[in-house]
Amino acid sequence: MERKKQINLQEIFYALLGKIWLIVLCAAVMGSAVYFYTANFVTPLYRASIKIYVNNSVSEYRQEGVISSSDLATSQQLVNSYIIILEDYDVMDKVAQKVYATHGYRVSADQIRGMMTAGAVNETEIFSVNISHADPKVAKAVADAIADTAPEAISNIIKSSSAAIVSRARMPGAPYTPNTSQSAIYGTLIGVLIAVGYVVLRVLMDVRVKGEEDLALISDAPVLGVIPNFDAEERNSYSYQSSQSGNQNKAVEK
């Protein structure tokens, strides 16, 4: 009869308790390794952001102080359209030319699209544009070029709208990513999960017969007796006899 291993939570708990040193070691090693990798091999990125407000024709017919759900939905759709216009290659080319003419940095339209993210601010007609780059000066230069180019680009395509810059980019003072402390915490948790998974797997895969409970899983026959561990008894007896004989030899020598 094939033996079916039953999950014993108490057995797993004591197994984890007995391997607490392994869990702590794995957590420390993984946390340190992830922290070291993040601090030394992950390129820090700086972020410069601008906010743009776009006034559309729908706003002209909106009752002052009243915003309906349809207004919010329309604004969200329009903002998505503005972002698509902003990501167009013709607009990105103008931004790249502006960056080079103003600051002397050579960036392509594809590079700008790769470092740019944009999204609506709280489902309003204001949307933010974020530029991430390893050099904070480049990030700010690209964000400033977008701020100078976007209003005209949007107004030329959507005739009934006008765009205005709500806030311009500031020079990033510190990288926003990577977060070494957060990475170390994640690495520590991964180490704990690996060690716990290893211990639990060892317990579940252990099908050795260790006692009467294990015998009951593979047979319905009653246990008639238990064979003692003679090896342990012999070791104990030998050590006792050795100590006695040693004392007797010392007495004879005297």
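In the predicted model, buried residues account for 27% of the 254 residues of the protein chain. The accessible surface of the chain amounts to about 17,100 Å², of which carbon and sulfur atoms supply 56%. The secondary structure consists of ten helices and four strands, and these elements follow one another along the sequence in the pattern α-α-β-α-α-α-α-β-β-α-β-α-α-α. Among the contacts with a separation of 6 or more, 77% involve residues 24 or more positions apart.

One example of two residues remote in sequence is given by Ile-190 and Cys-26, which lie 164 residues apart along the chain and whose C-alpha atoms are separated by 8.7 Å. Ile-190 belongs to helix α8. With a relative accessibility of 42%, Ile-190 is classed as partly exposed.

Salt bridges were examined next. The count comes to two salt bridges, and helix α7 takes part in each of the two described here. In one of them, the side chains of Asp-144 and Lys-140 meet with an N to O distance of 2.8 Å. Both residues are located in helix α7, which spans residues 136–157, and because they are four residues apart, about one helical turn separates them. The two partners fall into separate accessibility classes: Asp-144 is buried, its relative accessible area being 10%, whereas Lys-140 is partly exposed at 22%. The assignment of Asp-144 follows from the cut-off, since buried means under 20% relative accessible area. Lys-140, at 22%, lies in the range between 20% and 50% that defines partly exposed residues.

The other salt bridge joins Arg-168 to Asp-148, with the closest N and O atoms 3.0 Å apart. This pair links distant parts of the chain, the two residues being 20 residues apart. Arg-168 is situated in the loop between β4 (162–167) and α8 (180–205), while Asp-148 lies in helix α7. Both partners are partly exposed, with relative accessibilities of 42% for Arg-168 and 39% for Asp-148.

The loop between β4 and α8 also contains Pro-178. The peptide bond leading from Thr-177 to Pro-178 is cis, with omega near 5°. The loop that holds this proline is therefore also the one that supplies Arg-168 to the salt bridge with helix α7, since both residues are assigned to the segment between the DSSP runs β4 and α8.

Two surface patches were also identified, one nonpolar and one negative. The nonpolar patch is formed by Ile-20, Trp-21, Val-24, Leu-25 and Val-29, which together present about 500 Å² of accessible area. Of these residues, Ile-20 is found in helix α2, a helix covering residues 20–41. The relative accessibility of Ile-20 is 46%, and this residue accordingly counts as partly exposed. Its value also satisfies the requirement for patch membership, because patches are made of residues with over 30% relative accessible area.

The negative patch comprises four aspartates, namely Asp-88, Asp-90, Asp-93 and Asp-110. Asp-90 is part of helix α5, which extends over residues 89–103. With a relative accessible area of 54%, Asp-90 is exposed, because the exposed class begins over 50%. Asp-144, by contrast, is buried at 10% and engages Lys-140 in a salt bridge.

Definitions and conventions: Residues are numbered from 1 along each chain as its sequence is written. This is a predicted model: local features need pLDDT of at least 70, side-chain atom pairs count only at pLDDT 80 or more; totals for chains, interfaces and linings use all residues. Side-chain values use heavy atoms; hydrogens and water are left out. Patches are made of residues with over 30% relative accessible area and no salt bridge: like charges are joined within 9 Å, nonpolar side chains (Val, Leu, Ile, Met, Phe, Trp, Tyr) within 5 Å. Accessible areas come from the Shrake-Rupley method with a 1.4 Å probe; for residues, only the protein chains shown count as cover. Lys and Arg count as positive and Asp and Glu as negative; His and the chain ends are not counted. The place of a charge is taken as NZ of Lys, CZ of Arg, CG of Asp or CD of Glu. Buried means under 20% relative accessible area, exposed over 50%, partly exposed in between (1.4 Å probe, protein chains only). Contact means heavy atoms within 4.5 Å.
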